[in-house]
Amino acid sequence: MPDISLTTVVLLCLAALAAGWIDAVVGGGGLLLLPALLLGLPAGTPAAHALGTNKAVAIVGTTGAAVTFARKAPVDVRTAVRIGLAALAGSSGGAFLAAGMSTEVLKPVIMVVLLAVAAFVILRPGFGTAPQPGPVSRRRVLAAIGFGGLGIGFYDGLIGPGTGTFLVLALTALLHLDLVTASATAKIVNCCTNAGALAMFAWQGAVLWQLAGLMAVFNLAGGTLGAHTALRKGSGFVRVVLLVVVFALVANMAHEQWLA
């Protein structure tokens, strides 16, 4: 356990609670949790320790949300796991390349994509409000595995912010899911990618396990509460949270790109 004040520990736990709720509803909890860790850990703590601790916390909340969703939402677990395994491979490749290239040049492109996504969701009020009738074709499932798994997984390893949000959007569009079911499916995929990343950080000794264990309790509570909220409120509520998270991601990336 690092030498940090009780006040900081409490604030980190509250950040974990809020991040778990956001992540369960629509993804993007790391937008809150990782900066909180980077700010809260003592000066001189390697950034890898914040990243590793973040994954150790997030995987608990994500798993709790996934279990809650799977019990009450019509999730195709088999398809979700297949996408998750592809995302695990993609994120490993992205993380490998991230060590040798600058991702700063990609951030403006991602911001434009996010703004285009926000415009699409605003202009298409019916997007993700209800699942499309009929079975999903094999071609669409393969596209979800390739783009949603390998592609977004690669992005997760290379850059990271907003991965859960991108997954929700991709699964909604490709598999004709409503936003609640897409969020549920995305949690299972996130479990796979988080497990791979956590294993790597743990092997490197870059996880602060005592702090992570304490924060994980709050993240689990937030994730479970967020899943119940999404199930109770429905796709219309998830759509509003989605837009808020997308604009927050754009603002965060813009700050890092031009103001930090």
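**Exercise 1. Place His176 and say how open it is to solvent.**

Step 1: His176 lies in the loop between H7 and H8. Helices here are DSSP runs of H or I with at least four residues, numbered from the N terminus.

A quick note on the model before going on. This is a predicted model, where local features need pLDDT of at least 70 and side-chain atom pairs count only at pLDDT 80 or more, while totals for chains, interfaces and linings use all residues. Residues are numbered from 1 along each chain as its sequence is written, and side-chain values use heavy atoms, with hydrogens and water left out.

Step 2: Look at the accessibility. His176 has 28% relative accessibility, so it counts as partly exposed. The scale goes like this: buried is under 20% relative accessible area, exposed is over 50%, and partly exposed is in between (1.4 Å probe, protein chains only).

Step 3: Check the backbone. Most residues other than glycine have a negative phi. His176, though, has a phi near 60°, which is a positive value in a residue other than glycine.

**Exercise 2. Describe how H6 and H7 pack.**

Step 1: Know what to look for. Two packed helices are described by the angle between their axes and the distance between the axes.

Step 2: Read off both values. H6 (residues 138–158) and H7 (residues 163–175) pack at about 170°, and their axes are 10 Å apart. Because of that angle, H6 is roughly antiparallel to H7. (Roughly antiparallel covers angles over 145 degrees; axes are lines fitted to C-alpha atoms, for helices over the stretch in contact, and angles run from 0 to 180 degrees between N-to-C directions.)

Step 3: Add the handedness. H6 passes H7 in a right-handed crossing, meaning that the near helix is turned clockwise from the far one by less than a right angle.

Step 4: Find the residues that meet. From H6 they include Val141, Ala144, Phe147, Gly148 and Ile152, and from H7 they include Phe166, Leu167, Ala170 and Leu174. Contact means heavy atoms within 4.5 Å.

Step 5: Sort them by class. The contact of H6 with H7 has 12 nonpolar, 2 polar and 2 charged residues. (Nonpolar: Ala, Val, Leu, Ile, Met, Phe, Trp, Tyr, Cys and Pro; charged: Asp, Glu, Lys and Arg; polar: the others, Gly among them.)

**Exercise 3. Take a closer look at H6 and one of its glycines.**

Step 1: Test the length. With 21 residues at 1.5 Å a residue, H6 should span 30 Å, and its end C-alpha atoms are 28 Å apart, which agrees. The expected span is 1.5 Å times one less than the number of residues.

Step 2: Pick out buried residues. Among them in H6 are Ile145, Gly148, Gly149, Ile152 and Gly153.

Step 3: Zoom in on Gly148. Its place is in helix H6, and at 1% relative accessibility Gly148 counts as buried. Leaving out residues up to four places away in sequence, Gly148 touches Ile83, Ala143, Gly153 and Leu167. The C-alpha atoms of Gly148 and Gly90 are separated by 9.8 Å, although the two residues are 58 residues apart along the chain.

Step 4: Now try Ser91. Ser91 sits in helix H4 (residues 77–98) and counts as buried at 10% relative accessibility. Its contacts, not counting residues up to four places away in sequence, are Gly153, Phe154, Gly157 and Thr193.

**Exercise 4. Compare the two partners of H10.**

Step 1: Start with H10 itself. This helix (residues 235–259) has 25 residues and should span 36 Å at 1.5 Å a residue; its end C-alpha atoms are 35 Å apart, which agrees.

Step 2: Take H8 (residues 179–203). H8 and H10 pack at about 65°, with their axes 8 Å apart. Leu179, Val180 and Ser183 of H8 meet Ser235, Val238, Arg239 and Leu242 of H10. That contact divides into 4 nonpolar, 2 polar and 1 charged.

Step 3: Take H1 (residues 6–26). The axes of H1 and H10 come within 9 Å and cross at roughly 115°. On the H1 side are Trp21, Ile22, Val25 and Val26, and on the H10 side Phe237, Val238, Val241, Leu242 and Val245. This contact has 9 nonpolar, no polar and no charged residues.

Step 4: Put them together. Val238 and Leu242 of H10 appear in the contact with H8 and in the contact with H1. Val238 and Leu242 are also among the buried residues of H10.

Notes: Helices (H or I, at least four residues) and strands (E, at least two) are DSSP runs, numbered from the N terminus. Angles under 35 degrees count as roughly parallel, over 145 as roughly antiparallel, 65 to 115 as roughly perpendicular and the rest as oblique.
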